[in-house]
Amino acid sequence: MLKRFLPRQEKFFDFFQKAADVLVLTATQFHILMMDPDNQQRAVDAISAYEEEADRVAHATFQLLHKTFITPFDRHDIHRLTSTMDDILDVINRCALRFPIYHLKTIPSNLVELSEIAVQCTKLLKKAVYRLHTLDKSEEILSFCEDLDDLESKANIILLDGEKTLFAEEQDFKQFFKLNEIYSQTKNVIDSCQDLANVIKGIVLEYS
């Protein structure tokens with residue numbers, strides 16, 4: 001209880017917001033990659049650069065956490081928030097790196113739609129993260145997280161439709177394997193966004 005009345009290190013919120021900014025930029029490049037696979041290397045390189053930038057932000061956050069006595073949230077919550085944001089970037093980067101290996105030239109419309117949902121999810125997360133500095137915005141934050149849950153449910157329907165089409169129509173085994181993996185990894189991006197939303201909801205419910 002005493003910690004609520006002591007000075008706290010506001011730099012954490014700068015790091016959270018910077019990580020959220022990079023998250024949206026990365027998801028946007030991921031969507032561009034899906035829409036324009038002919039120019040995939042440019043998007044893949046941009047995603048890798050953003051992932052490295054996110055790693056630097058996470059490292060700086062952990063360093064600050066190590067040397068700060070008074071923190072805005074419990075140390076475990078800060079660690080989970082930072083790690084989960086970084087995890088989303090890692091998933092996107094791992095998926096993007098498969099494109100040059102798989103030589104994908106045609107992307108199913110369902111995959112493009114899933115990547116667009118991923119962008120929408122990261123934008124909701126950014127809005128939530130930007131409001132964490134004041135718990136007066138707790139209802140707004142929880143609303144953003146609920147909207148993200150709705151997007152995740154929509155993504156499940158799109159994924160099942162895409163997999164159904166893939167199983168029914170794709171005759172080339174290698175192409176089937178490649179696209180099935182991209183579907184799985186893209187859904188993992190959205191699931192990771194939902195994981196972050198759950199972390200944020202936990203923080204809001206604990207401290208508001």
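# Reading a predicted helical model

Tutor: At 32% relative accessibility, Ser-143 counts as partly exposed. This residue belongs to helix α5, and the model in which it sits is a predicted one.

Student: Why does Ser-143 count as partly exposed?

Tutor: The class follows from two cut-offs: under 20% relative accessible area is buried, over 50% is exposed, and partly exposed lies in between. Ser-143 has 32% and is therefore placed in the class between them. Thr-165, also located in helix α5, is likewise partly exposed, with 32% relative accessibility.

Student: Which residues show the two other classes, buried and exposed?

Tutor: For the buried class, consider Ser-115, which is part of helix α4. Its relative accessibility is 0%, so Ser-115 is buried. Cys-193, in helix α6 (residues 173–207), is buried as well, again at 0%. For the exposed class, take His-103, with a relative accessible area of 60%.

Student: Where does the side chain of the buried Ser-115 find a polar contact?

Tutor: A polar side-chain atom of Ser-115 lies 2.7 Å from the backbone oxygen of Val-112. The contact thus described involves a residue of helix α4 that is buried, at 0% relative accessibility.

Student: Let us turn to charge. How should a salt bridge be read, and how many does the structure hold?

Tutor: Side chains of opposite charge can pair when their charged atoms come close. In this model, a search of the whole structure yields eight salt bridges. One of them joins the side chains of Glu-53 and Lys-18, with a distance of 2.9 Å from N to O. That pair ties together distant parts of the chain, 35 residues apart: Glu-53 is in helix α2 (residues 40–67) and Lys-18 in helix α1 (residues 11–35).

Student: Are the partners Glu-53 and Lys-18 buried, exposed or partly exposed?

Tutor: Glu-53 is partly exposed, its relative accessible area being 21%. Lys-18 is also partly exposed, at 35%.

Student: Which residue forms a salt bridge with Lys-126?

Tutor: The partner of Lys-126 is Asp-21, and their closest N and O atoms are 3.2 Å apart. This pair, too, links distant parts of the chain: Lys-126 in helix α4 (residues 109–130) and Asp-21 in helix α1 are 105 residues apart. Both ends are partly exposed, Lys-126 with a relative accessible area of 29% and Asp-21 with 22%.

Student: Which residues are joined into one network by salt bridges that share partners?

Tutor: Begin with a single pair. Lys-137 and Glu-140 form a salt bridge whose closest N and O atoms are 3.7 Å apart. Lys-137 is partly exposed at 36%, and Glu-140 is partly exposed at 32%. Shared partners then join Arg-131, Lys-137 and Glu-140 into one network.

Student: Where on the surface do negative charges gather?

Tutor: A patch of negative charge is formed by Glu-139, Glu-146, Asp-147 and Asp-150. Patch members are residues with over 30% relative accessible area and no salt bridge. Among the four, Asp-150 belongs to helix α5 (residues 138–169), and its relative accessible area of 52% makes it exposed.

Student: What is notable about the backbone of His-103?

Tutor: Its phi angle is near 55°, a positive value in a residue other than glycine. His-103 is located in the loop between α3 (75–102) and α4. That loop also holds Thr-106, which is exposed at 58% relative accessibility.

Student: How should separation along the chain be set against separation in space?

Tutor: The two are read together, from C-alpha to C-alpha. Thr-106 and Pro-37 are 69 residues apart in sequence, with 7.0 Å between them in space. For Cys-193 and Thr-84, the values are 109 residues and 8.3 Å.

Student: How many residues and ångströms separate Thr-165 from Tyr-50, and Ser-143 from Glu-52?

Tutor: Thr-165 and Tyr-50 are 115 residues apart in sequence and 33 Å apart in space. Ser-143, with which we began, is 91 residues from Glu-52 along the chain, and their C-alpha atoms are separated by 31 Å.

Conventions. Residues are numbered from 1 along each chain as its sequence is written. This is a predicted model: local features need pLDDT of at least 70, side-chain atom pairs count only at pLDDT 80 or more; totals for chains, interfaces and linings use all residues. Side-chain values use heavy atoms; hydrogens and water are left out. Patches are made of residues with over 30% relative accessible area and no salt bridge: like charges are joined within 9 Å, nonpolar side chains (Val, Leu, Ile, Met, Phe, Trp, Tyr) within 5 Å. Accessible areas come from the Shrake-Rupley method with a 1.4 Å probe; for residues, only the protein chains shown count as cover. A salt bridge is a side-chain nitrogen of Lys or Arg within 4 Å of a carboxyl oxygen of Asp or Glu. Lys and Arg count as positive and Asp and Glu as negative; His and the chain ends are not counted. The place of a charge is taken as NZ of Lys, CZ of Arg, CG of Asp or CD of Glu. Helices (H or I, at least four residues) and strands (E, at least two) are DSSP runs, numbered from the N terminus. Buried means under 20% relative accessible area, exposed over 50%, partly exposed in between (1.4 Å probe, protein chains only). A polar contact is a pair of N or O atoms within 3.5 Å; within protein, one must be able to donate a hydrogen and the other to accept it, and residues adjacent in sequence count only if both atoms are side-chain atoms.
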